[in-house]
Amino acid sequence: MAWLCLFTALASCNSSGRPAPAGTTVEWKFAIEEVQGSVQDAYAQEFKRRIEERLRGRVGVTIYPYGTLGTSEQITELVHLGAVQFAMASPGHLGRLIPEIQLFLLHFVFSDDNEVNKAVLGSDEVFARGFARLYEEKGLRLLSLYPEGWQVWTTRKPIRTPADFAGLKMRVMTSPLLIEAYRAYGANPTPLPYGEVYGALQLGMIDAQVNPVFAIEEMNFYEVTDYLIFPKHAQFVTSVVTNPRFLDALPPAERRAVAETVAELNDYIFEVQAEYNAARLAKMRSRKPDLGVIRLTAEEREAFRVASLPVRKEYVELVGPSGREILDMFLASVRRAESSL
Ligand code: 6CS
């Protein structure tokens, strides 16, 4: 009910695609799934700066950090309803709406070279022909797909083999495939919204969670954890979305400003995520010198890769016949990019 009131309040503000009367500034709302100072915040801040510069006096962008508008799934719904104009929508929380997007939650499908992943996510094959139409079918316009960093397990004990996961209560994001991804290692996966993870770790309701380094630092998960395990098994991918009715109704100059800004931000955000992830690992280690950091060897990673393979079948079953096609297309795309970059 409280959330419904929030929707009504947001929707009543002037943020339609209609041109603003001369001399007035229209507000575009941009909701992110992370807190201030995060990778998504850096994206939204730069989007705001560039949009306001391009559309001087006509448009102002307000950023809503995580915690101000609800969970990730609720934020996506607000874009769908047109109460919020732009948002981040991570595949980890989008699986119930767009089952195909859970491709990015499979383990060991990305390249070990993140430049390759960046190129593949922005490619015509994966972005435009692959996923944009699937978002459109669900009433969302996909503007960008970008990586935020390698996923890292934070645990109370060292993990080097799938057997180490036996019975481990692992917090996962809310997309259904993530349950299968960690069951494959023998874990006990527990889906939870982002905002509940710290408390659940502190109270021992969960033993472990998975997120990129920058998030582990800014959400203070490292305070309630003993080890950071780097398996390099998956990238944290997110998507930038808008409401198609809003975008299509904008005057051409404003639509162009959005398209140009979004295109420019791909390189910008790629550098930001690399910088944030490196700097924050150093920060956590200096604040908590006894924090264990384990980088799995090639052999250890291979054991996880083999254990993760049956989940690809689960993905195809969950998505239906097109799932096999999407998976094959993505793997081929990664291989091609690896040999050409
Ligand atoms: O774990 C999560 O739920 C969140 N993690 C990140 C890095 N961004 C947004 C997402 O909701």
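Q: What makes strand 6 and strand 8 (residues 208-211) a pair?
A: Two strands pair if DSSP finds at least two bridges between them. Strand 6 is joined to strand 8 by 2 bridges, and the two run parallel, so the criterion of at least two bridges is met. Glutamine 209 in strand 8 is the bridge partner of arginine 171. Strands here are DSSP runs (E, at least two residues) and helices likewise (H or I, at least four), numbered from the N terminus. The model is predicted: local features need pLDDT of at least 70 and side-chain atom pairs count only at pLDDT 80 or more, while totals for chains, interfaces and linings use all residues. Residues are numbered from 1 along each chain as its sequence is written, and side-chain values use heavy atoms, with hydrogens and water left out.

Q: How do you know that strand 6 (residues 169-172) and strand 7 (residues 188-191) pair?
A: These two strands share 4 bridges in the parallel sense. Threonine 190 in strand 7 stands opposite arginine 171.

Q: What makes the crossover from strand 6 to strand 7 right-handed?
A: The term applies if, with the strands pointing away from the viewer, the path from the first strand over the helix to the second runs clockwise. The chain passes from strand 6 through helix 7 (residues 177-183) to strand 7, and this β-α-β crossover is right-handed.

Q: Which polar side-chain atom of arginine 171 makes a polar contact with the ligand, and how do you know?
A: A polar contact is a pair of N or O atoms within 3.5 Å; within protein, one must be able to donate a hydrogen and the other to accept it, and residues adjacent in sequence count only if both atoms are side-chain atoms. A polar side-chain atom of arginine 171 lies 2.7 Å from an oxygen atom of the ligand. For glutamate 34, an N or O atom of the side chain is 2.7 Å from a ligand nitrogen atom. Serine 72 has a polar side-chain atom 3.5 Å from an oxygen atom of the ligand.Q: Why is leucine 103 called buried?
A: Buried means under 20% relative accessible area, exposed over 50%, and partly exposed in between (1.4 Å probe, protein chains only). Leucine 103 has a relative accessible area of 0%, and is therefore buried. Leucine 103 lies in the loop between helix 4 (91-94) and helix 5 (114-122). Its contacts (heavy atoms within 4.5 Å) include Phe131, Tyr315 and Phe330, not counting residues up to four places away in sequence.
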